[in-house]
Amino acid sequence: MVDWAAHAAARTSRLKPSAIREILKLTQRGDVISFAGGLPSPDLFPTTTIGAATERVLRRHGATALQYSTTEGHPPLREWVAARYANVAADDVQIVSGSQQGLDLVAKCYLDPGDAVVVAAPTYTGALRAFDPYQVRYRTVETDDDGMVPEALEAALAAGAKLLYVIPNFDNPTGTHLSLERRHAVVELAGRYGVPILEDDPYGELRFEGAELPHLRDLAPERVIHAGTFSKTLVPGFRLAWLIASPEALEPIRRAKQAADLHTSTFVQAIAVEITADGFLDEHLVKIRDHYRSQRGYLLDALDRELGGGDGFHWTRPSGGMFVWMTVPSAADGTPADTTALAHDAVAAGVAYVPGESFYPDGGGLDGLRLSYSVATPEQINTGIARLGELLRRATLRDV
Ligand SMILES: Cc1ncc(COP(=O)(O)O)c(C=O)c1O
């Protein structure tokens, strides 16, 4: 008998189960209204279009679409990605199997054990889980409704860092985006301290209002590895995404990708090319933005109604994406909020959220929680937020 636990590599001790997955398991009970998952709405999946494109790919390009292909990615898809950005050539594009793989490959190629990664607090749990096995340390940066606070970022960079991880648009978990001024501050500070930036941008195309802001990569192309994905605009099941960076920055990543999985599915890449060839994605994005914009409206209205009484509850008002971040005040008797402990009471009361703690690499966030408005119906949003409002008012000893 092999004692697998004793045989496991040291890095596996850093592979933690996802707290979000654990919450999601609890929400399988039929009567729980869940704001915990961050899944795109399946009602928006263009199934018929994908079916027709798949049939065309098989009929016209079956032999190549089902064959092994190059690690860099299917050339027409790299061209398409490059054309969606300013000043990007196909050679600057590396196709990856989900931006999650992109995060792993960047960490594998650019982080040694003990290196410090600068992240927002809170930040995307999946990024922490991708970086953890490389035995890194974290320096966290305080955020407000405009994203990372520059003074806090400067302090983190000045303490020494190997990589800065930023989600500039409609962040997971806060829903906030970096203001233009802060984008300039982020690239200026990273430049001053000589730190490369990993810009993770799955939600940038889900903007509901306001002018589009430049990518960090637009401001400092030599310093940034940018990650984009089809997961929130087309379908997550394709596992299709891209990294954009200079060919020099991508060089080790290509070698690491080749070792990991040779290349991303040729078939899926060919289908994506077929789907996007005639401008379909831009038409589809209008539908997606409309849907999430009204979902956001239902959630914010319900929160205003249930908890908007000036009792110290605060939540973000995102202009894109899928998430709202709430901070819960201390109870009237001074007891600090504990959204991890409350999550179980919430599920018992028929509503689920993700406790803030999951988004902090080294503790903290007990007063925060993430709500996703992506999949609940308007009725579920109203009922679920009424349940949450009552629970939170009771927990903080405010009027019920
Ligand atoms: C900030 C962020 N980065 C990366 C990902 C992973 O996306 P993908 O499906 O492209 O792997 C997600 C998914 O939720 C995310 O929220």
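In which hand does H13 cross H14, left or right? H13 passes H14 in a right-handed crossing. Bear in mind that this is a predicted model. Besides that helix pair, there are two open sheets to look at, one of eight strands and one of four.

**The H13–H14 pair**
- Helix H13 covers residues 339-348 and helix H14 covers residues 378-395; their axes sit 10 Å apart, at an angle of about 135 degrees.
- That angle is why H13 counts as oblique to H14.
- On the H13 side, the contact is made by Leu342, Asp345 and Ala346, and they meet Leu391, Leu392 and Ala395 of H14.
- Sort those contact residues by character and you get five nonpolar, one charged and no polar.

**The eight-stranded sheet**
- Reading across, the order goes E2-E9-E8-E7-E6-E3-E4-E5, and the pairing is mixed.
- E2 and strand E5 (147-148) are the edge strands: each has a single partner strand, so one side of each has no neighbour in the sheet.
- For a parallel pair, take strand E6 (residues 163-166) and strand E7 (residues 197-200), which are joined over three bridges.
- Valine 166 has glutamate 199, in E7, as its bridge partner.

**Helices lying across that sheet**
- Helix H7 (residues 150-158) lies across strand E3 (116-121), strand E4 (137-144), E5 and E6.
- Relative to E4, H7 runs at about 170 degrees.
- H10 lies across E2, strand E8 (224-229) and E9, and its angle to E2 is about 25 degrees.

**Helix H4 and its cover**
- H4 spans residues 75-83, and its buried residues are Leu77, Arg78, Trp80, Val81 and Ala82.
- Two strands are among the elements covering those buried residues: strand E2 (93-96) and strand E9 (241-244).
- The cover also includes helix H10 (247-261), helix H11 (266-276) and helix H12 (280-307).
- E2 and H10 therefore turn up twice in this briefing: H10 lies across E2, and both are part of what covers the buried residues of H4, while E2 is also an edge strand with one side left without a neighbour in the sheet.

**The four-stranded sheet**
- Here the strand order is E10-E11-E14-E13, with antiparallel pairing.
- Strand E10 (314-315) and strand E13 (354-355) are at the edges, each pairing on one side only.
- E13 and strand E14 (residues 368-372) pair in the antiparallel sense over two bridges.
- Proline 355 has leucine 369, in E14, as its bridge partner.

Key
Residues are numbered from 1 along each chain as its sequence is written. This is a predicted model: local features need pLDDT of at least 70, side-chain atom pairs count only at pLDDT 80 or more; totals for chains, interfaces and linings use all residues. Side-chain values use heavy atoms; hydrogens and water are left out. Two strands pair if DSSP finds at least two bridges between them. Axes are lines fitted to C-alpha atoms, for helices over the stretch in contact, and angles run from 0 to 180 degrees between N-to-C directions. Angles under 35 degrees count as roughly parallel, over 145 as roughly antiparallel, 65 to 115 as roughly perpendicular and the rest as oblique. A crossing is left-handed if the near helix is turned anticlockwise from the far one by less than a right angle, and right-handed if clockwise. Contact means heavy atoms within 4.5 Å. Ala, Val, Leu, Ile, Met, Phe, Trp, Tyr, Cys and Pro count as nonpolar, Asp, Glu, Lys and Arg as charged, and the others, Gly among them, as polar. Buried means under 20% relative accessible area, exposed over 50%, partly exposed in between (1.4 Å probe, protein chains only).
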